[in-house]
Amino acid sequence: GRERDMIDLSDLVRPEAVAEGLAAASKKTLFQQLGALAATAYGIDAKAAAEGLAQREKLGSTGFGGGIAIPHARIEGIEAIHGVFVELARPIDFAAVDDLPVDLVFALFSPPDAGAAHLKALARVSRLLRNAAFVAKLRGAGSKDALYFLLTQDEARDAA
């Protein structure tokens, strides 16, 4: 059997927390939209979510290269780690390490005391999104259903 220690993306992301072709002109509007998606999918306070992401981003860009970012925030009042995944209609500047604009964004929202679990989830997502073949599939998905399927199917678990 698989190590249950591994975090499955199906534990982190709900279908309604995935969006495709999202229009955002800046990080600020992106974070607002990520907050809105988190509110819809998980009942997280949209404003707190957006502000949490913006605060963390001030410490340094979460764009890690290749057009991908994993913004994250700790949010009071949530019980579990939740993810929101969006593919942007047009890439936006993220001050990423390689200066490439970002079009794939996986946001993570964790309880304030989630310590190790928060880091584990971040590591899990970043490992997956460093897989070039997998990322190419995400970019070619073409629908939010396809994105959700790719993120949560077995292949994603094997890729990471």
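In the predicted model described here, H118 is placed in helix α4, which spans residues 115-129; helices (H or I, at least four residues) and strands (E, at least two) are DSSP runs, numbered from the N terminus. The residue numbers count from 1 along each chain as its sequence is written, and side-chain values use heavy atoms, with hydrogens and water left out. Because the model is predicted, local features need pLDDT of at least 70 and side-chain atom pairs count only at pLDDT 80 or more, whereas totals for chains, interfaces and linings use all residues.

With a relative accessible area of 3%, H118 is buried, where buried means under 20% relative accessible area, exposed over 50% and partly exposed in between, for a 1.4 Å probe and protein chains only. When neighbours within four places in sequence are left aside, H118 is in contact with H72, R74, I81 and S110, contact being defined as heavy atoms within 4.5 Å. A second histidine, H82, lies in strand β5 and is likewise buried, its relative accessible area being 15%. Under the exclusion of neighbours within four places in sequence, the contacts of H82 are with L12, Y42, I44, A107, L108 and F109. Between H82 and Q153, the separation is 71 residues in sequence and 17 Å in space, C-alpha to C-alpha.

Helix packing was examined next. The axes of α2 and helix α3, the latter formed by residues 46-58, come within 7 Å and cross at roughly 140°; the axes are lines fitted to C-alpha atoms, for helices over the stretch in contact, and the angles run from 0 to 180 degrees between N-to-C directions. The two helices α2 and α3 are therefore oblique to each other, given that angles under 35 degrees count as roughly parallel, over 145 as roughly antiparallel, 65 to 115 as roughly perpendicular and the rest as oblique. The crossing of α2 past α3 is right-handed, a crossing being left-handed if the near helix is turned anticlockwise from the far one by less than a right angle, and right-handed if clockwise. From α2, the residues K27, F31, Q32, L34, G35, A36 and A39 make the contact, and they are met by A46, A49, A50, L53, A54 and E57 of α3. By class, the residues of this contact of α2 with α3 comprise 9 nonpolar, 2 polar and 2 charged; Ala, Val, Leu, Ile, Met, Phe, Trp, Tyr, Cys and Pro count as nonpolar, Asp, Glu, Lys and Arg as charged, and the others, Gly among them, as polar.

Within α3, A46 is partly exposed, at a relative accessible area of 28%. Not counting residues up to four places away in sequence, A46 touches G35, A36 and A39. A46 and F31 are 15 residues apart in sequence, and their C-alpha atoms are 9.4 Å apart in space.

For helices α5 (residues 132-139) and α6 (residues 144-152), the axes come within 9 Å and cross at roughly 160°, and α5 and α6 are therefore roughly antiparallel to each other. The crossing of α5 and α6 is right-handed. In this pairing, F134, K137 and L138 of α5 meet L147, L150 and L151 of α6, and the contact of α5 with α6 has 5 nonpolar, no polar and 1 charged residues.

The count of aromatic pairs comes to 2, under the rule that rings of Phe, Tyr and Trp (its six-membered ring) pair if their centres lie within 6.5 Å, with planes under 30 degrees apart counted as stacked, over 60 as edge-to-face and the rest as tilted. One of them, formed by F31 and F94, is edge-to-face, at 6.3 Å centre to centre and 80° between the planes. F31 lies in helix α2 (residues 27-42) and F94 in the loop between β5 (82-92) and β6 (102-110), so the pair ties together parts that are 63 residues apart in sequence. Both partners are buried, F31 at 4% relative accessibility and F94 with a relative accessible area of 0%.

Backbone geometry was then considered in the loop between β5 and β6, where A95 lies. Most residues other than glycine have a negative phi. The phi of A95, by contrast, is positive, near 55°, and A95 is partly exposed, with a relative accessible area of 49%. D99, also found in the loop between β5 and β6, has a positive phi of about 65° although it is not a glycine, and D99 is exposed, its relative accessible area being 61%.
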